[in-house]
Amino acid sequence: MTDLLLHNVRLLDPARGIDEAGYVAVTDGVIAHAGPGVADDATRKAAAQTIDCGGACLAPGLIDMRVKTADPGAEHLEDLTTLLRAAAASGITSLVALPDTKPVIDDASMIDSLSLRATRIGGARLFLYGAATHRIKGKAMAELGLMAEAGAVGFANGSRCIMDSMVMRRVMAYCGMLDKPLVQHCEDHNLTADSEMNESETSTRLGLIGAPAIAEAMIIDRDLHLVRMTGARYHAAHISTAEAVESIRRAKAEGLAVTADTAPPYFLLNELSVSTYDTAFKMAPPLRSEDDRQAIIEGLADGTIDAIASDHIPVDGDAKAQPFGPAQPGASGVDTLLALTLSLVHRGQISMLRAMECLSLAPASILDLDGGALIPGAAADLVLFDADSSWIVRSAEFQSSSRITPFEGLPVQGRVKGCWVGGAPVFTQG
């Protein structure tokens, strides 16, 4: 018997290039049938539950490949329960957490513990990056092999760049042997120490210390030489500059195993947002120039940038309620990921299928996760959303405990109506 039949949907399958009216049938937690048109009589009669979706969009569940969790270590900001349930309410069926928790996720026992806790909570699936270096200090390689055995989907150094080239070479060599991607925060900290925003005429006018945009591409260019040497899979996280986009474009043309993601602030905002000294706009990397923003959009449109992540960072309100300089960078991102990405679709800058590719298929491919495709046998991780439903971003209404956003008051379109993980409902609108 079919457990669930979702019909009268706008079927969005980036893996097969399908964007048309269709249906999905789910049996035992996996997709049994999915395709354009209507289900046959046998499938309809066998369905234990049938839902007429009224023409809403049905797509593979979103995979958010860059989230910082405050649990363990700062659960008062956000714990796993609120994070996973907020993700489900936002159409995210899988999220991948960075290792810079307290304690750092740099051994197999931490991965085992958090993974087990997540399975008891429900909501979105939780995957974890292992720390690339011990205590994410960038000085010595962590136990990558043991963490890979425990289920780490890749390795990252949190929000700190691995500056030591020899350490980076060793980490890449081991990642290559383990066939796991290395996720790099691309920033030359020697150039950006004590910086407060992007270096430009605007930073001079505002009297804030600037971080030069070239600090991002310099690290990427160094790392690409090491990719050629080691053959590692390299992923540049939350890129924000035109120079970085061009470096990634050249690397892909060369055939290197290089991928990249960005986040909504870098394709929707620029450095002029900082002019009010509102600390909600303090990011890491910082908001860049308008030319950089346009380059990020172009990189998403032509496939140079593979994925879009929320870059969700729970921030203490007291750490933001300070002058701009000492304020902590970061903001919430889970609750707004889908709607902000759809803004590119509504503006005609990317197609709906390309948006779904960036949010599901590409992250799944980069991290070797099951997802991103509506094909028989795939896990029934699904999101149903109304692409045209309008709402106003109000942080007080977020499901996440993290309530700081640079998009406060922004009108957006795109509201989640339902979300399923392994065929089980984890969110229903209302």
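## Helix 8 and its neighbours

Which elements do the buried residues of helix 8 pack against? In this predicted model, they pack against three helices and three strands: helix 5 (165–178), helix 6 (189–192), helix 9 (242–254), strand 10 (182–185), strand 13 (234–237) and strand 14 (258–262).

So who's tucked away? The buried residues of helix 8 are Ala-215, Glu-216, Ala-217, Ile-219, Ile-220, Arg-222, Asp-223, Leu-224, Leu-226 and Val-227. It helps to remember that an α-helix has 3.6 residues a turn, so residues three or four places apart point the same way.

Helix 8 covers residues 214–230, which makes 17 residues. From first C-alpha to last it reaches 24 Å, close to the 24 Å expected at 1.5 Å a residue. Just after the helix comes Gly-231, with a positive phi of about 75°.

## The largest pocket

Now for the open spaces. The largest pocket has a volume of about 640 Å³. It has 33 lining residues, and the closest to its centre are Ser-159, His-185, Glu-187, Ala-284 and Pro-329. Helix 8 turns up again here: along with strand 6 (62–67) and helix 6, it gives two or more residues to the lining.

Sorted by class, that lining has 14 nonpolar, eight polar and eleven charged residues.

## The second largest pocket

The second largest pocket holds about 420 Å³ of space. Its lining is made of 20 residues, with Ala-89, Asp-335, Trp-391, Gln-399 and Arg-415 nearest the centre. Two or more lining residues come from each of helix 13 (337–346), strand 16 (382–392), strand 17 (411–421) and strand 18 (424–428).

By class, you'll find nine nonpolar, seven polar and four charged residues in this lining.

Terms used. Residues are numbered from 1 along each chain as its sequence is written. This is a predicted model: local features need pLDDT of at least 70, side-chain atom pairs count only at pLDDT 80 or more; totals for chains, interfaces and linings use all residues. Side-chain values use heavy atoms; hydrogens and water are left out. Helices (H or I, at least four residues) and strands (E, at least two) are DSSP runs, numbered from the N terminus. The expected span of a helix is 1.5 Å times one less than its number of residues. Buried means under 20% relative accessible area, exposed over 50%, partly exposed in between (1.4 Å probe, protein chains only). Contact means heavy atoms within 4.5 Å. On a 1 Å grid over the protein atoms alone, a cavity is a set of points where a 1.4 Å probe fits but cannot get out, and a pocket is an open set with protein on both sides within 12 Å along at least five of seven lines; lining residues have an atom within 4 Å of a point. Grid points are joined across faces, edges and corners, and a volume is the space filled by probe spheres set on the points. Ala, Val, Leu, Ile, Met, Phe, Trp, Tyr, Cys and Pro count as nonpolar, Asp, Glu, Lys and Arg as charged, and the others, Gly among them, as polar.
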